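Please look through the structure shown below before reading on. The briefing that follows moves from the packing of side chains to aromatic rings and then to a sheet.

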Amino acid sequence: MAAENPVESLREEATCPICLEYFTEPVILECGHNFCQACIRQFWEGSDTAASCPQCRETVQQRNLKPNRQLANMVEIAKRLSLQAAKGAGADGVCGKHQEALKLFCEEDQTPICVVCDRSWAHRTHTVVPILEAAQEYKERIQAHLKTLREEREKLLGLKATAEGKSQENLKQMQTERQKIVSEFHQLQQFLEEQERLLLAQLEKLDEEIVRIQDENVSKLSEQISRLSELISEMEGKCQKPASEFLQDMRSTLIRCEKGKFHQPEEISPELEERVSGFSQNTIVLLEILGKFKDTLPSALETKRGGSLGTFRQANVTLDPYTAHPKLILSEDWKSVREGETRLLNTPERFDTDPCVLGCEGFTSGRHCWEVEVGDGGGWAVGVARESVGRKGGISHSPEGGIWAVQRWGGQFRALTSPVTPLPLSRVPSRIWVCLDCDRGQVTFIDAGEKAPIFTFPPGSVPGERIRPWLWVWLGSRLRLCP
């Protein structure tokens with residue numbers, strides 16, 4: 001029975017019975033049935049019996065396959081008509097392979113297909129639903145996801161707004177602090193300048209008074225010296241005269257000699273000396289105040305930021321003589337260490353094999369930094385160690401052994417990682433900052449001269465226990481903790 005839709009009927013007539021798709025290079029058999037050339041040859045391939053028609057089973061000759069050009073033209077017409085019909089029906093799309101409307105949806109392949117695709121081998125066993133039903137189902141699922149995504153976006157927008165608000169608040173606070181600092185330092189500067197002017201003016205007055213007294217004394221002394229010189233010359237001349245002439249007016253001569261005695265010049269008055277002494281004392285007090293004020297300001301190290309450095313507190317580190325190896329000599333202030341023979345008891349705290357020593361100070365929190373002068377030669381290592389680091393026998397100079405340090409050894413400069421990490425520096429630093437961040441579990445080494453990072457053990461590598469400075473001395477080297 002013919003189909004009611006002529007386009008559908010034409011499409012069925014243009015469909016190969018084997019592949020169920022539009023004919024490709026159609027051929028006609030002796031029995032009158034048509035097939036794709038490739039389909040019929042594949043159907044007959046490997047068959048030992050006589051060739052037969054797949055539809056009517058009539059025996060045919062394989063060599064009598066004839067191209068059906070009229071059918072090929074009809075196939076092209078059917079494709080164009082199907083395309084026009086799909087466009088006229090307002091279909092969402094057209095199958096690129098069959099030029100049919102995409103009316104179905106394959107659940108397995110998650111793609112729209114046409115009715116020809118549905119009948120093909122590629123989709124025959126798949127679950128296929130009408131495309132409108134599939135679109136409705138997937139729209140509902142997408143809408144559910146959209147609800148969740150919108151909620152997440154709202155949360156992120158809220159977090160962003162909160163973060164921006166906090167940042168603006170912090171920036172305003174920093175601006176207020178900046179204005180306070182500028183204002184306070186401006187007032188302090190004005191105060192110091194005024195005090196400088198007052199003190200210098202007082203000093204100028206004292207200078208003038210001292211110079212005046214000095215000039216007056218010099219003038220009086222010069223006058224006395226002149227009179228005495230004249231009297232001396234006169235008396236020397238009188239002594240050369242004969243006795244009768246010499247003894248004339250002797251009473252007057254003696255009186256003149258007595259009056260010619262030296263008179264003590266005016267000295268600086270006790271009041272002036274008290275003023276000078278008081279001024280000097282005030283100057284000393286002022287300088288002490290300014291010195292203490294400078295000490296309360298952040299040091300250059302605390303304000304300098306480089307790489308991962310934050311703000312570190314300068315630690316006043318000393319060496320622990322109870323941990324020093326017997327062949328190490330510590331200075332009296334426990335600030336430096338060198339090689340040398342000593343007679344020390346082998347206590348449990350003392351290193352007995354490795355020539356090293358711990359610092360007295362231990363740190364469990366905060367950020368601390370100290371400077372070590374390492375010199376130019378010898379072998380040495382500086383860093384930190386766990387308080388529980390091994391003291392007896394050979395110990396591992398690595399984080400696994402509880403030590404984080406850099407070392408000069410055999411002409412090489414390296415970090416004591418496991419294995420060691422060579423540090424290709426142009427020159428070995430003579431002074432090193434050891435910066436310990438207990439909160440992050442990190443140790444950083446900085447060239448104190450160049451202010452350049454040398455090496456950093458990553459965050460979390462130093463455990464959260466008490467950490468102490470650690471020095472290792474070898475080959476006649478000497479290490480000193482700088483103040």
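Leaving aside its neighbours within four places in sequence, Trp370 is in contact with Ala315, Val317, Phe363, Gly383, Val384, Ile432, Trp433, Val434, Leu436, Pro469 and Leu481. This picture comes from a predicted model, and the points below should be read with that in mind.

**Nonpolar cores**

- The largest nonpolar core holds 35 residues, and among these Trp370, Val382 and Ile432 are the ones that touch the most other members.
- A second core, separate from that one, is made of 12 residues, including Phe351, Ala381, Ala385 and Ile403.
- As general background, nonpolar side chains in soluble globular proteins tend to be buried together.

**Aromatic pairs**

- A pair of aromatic rings is described by two values, the distance of the centres and the angle of the planes.
- With ring centres required to lie within 6.5 Å, the count for this model comes to 7 aromatic pairs.
- In one of these pairs, the rings of Trp380 and Phe413 have centres 5.9 Å apart and planes at 55°; planes under 30 degrees apart would count as stacked and those over 60 as edge-to-face, so this pair is classed as tilted.
- Because Trp380 belongs to strand β12 (residues 379-386) and Phe413 to strand β14 (residues 412-415), the pair ties together parts that are 33 residues apart in sequence.
- Trp380 has 0% relative accessibility and therefore counts as buried, and Phe413, at 5% relative accessibility, counts as buried too.
- Ring pairs also link three tryptophans, Trp409, Trp472 and Trp474, into a cluster.

**Charges over rings**

- The charged end of Arg367 sits over the ring of Phe312, at 4.8 Å from the centre of that ring.
- Arg391 lies over the face of Phe351, 5.6 Å from the ring centre, and Phe351 is also one of the residues in the second nonpolar core.

**A three-stranded sheet and a helix**

- An open sheet of 3 strands follows the order β2-β1-β3, and its pairing is antiparallel.
- The edge strands of this sheet are β2 (34-36) and β3 (66-67), each of which pairs on one side only.
- Strand β1 (residues 26-28) pairs with β3 in the antiparallel sense over 2 bridges, and Val27 has Pro67 in β3 as its bridge partner.
- Helix α2 (residues 37-44) lies across β1 and β2, and this helix runs at about 90° to β2.

Notes:
Residues numbered from 1 in each chain as written. Predicted model: local features only at pLDDT ≥ 70, side-chain atom pairs only at ≥ 80, totals over all residues. Heavy atoms only, no water. Phe/Tyr/Trp six-rings, centres within 6.5 Å; stacked < 30°, edge-to-face > 60°. Helix = DSSP H or I, 4+ residues; strand = E, 2+ residues; numbered from the N terminus. Buried < 20%, exposed > 50% of the residue type's maximum accessible area, 1.4 Å probe, protein only. Lys NZ or Arg CZ within 6 Å of the ring centre and 35° of its normal. Pairing = 2+ DSSP bridges. Contact = heavy atoms within 4.5 Å. Axes fitted to C-alpha atoms, helices over the stretch in contact; angles between N-to-C directions. Core = buried A, V, L, I, M, F, W, Y, C linked by side-chain atoms within 4.5 Å.
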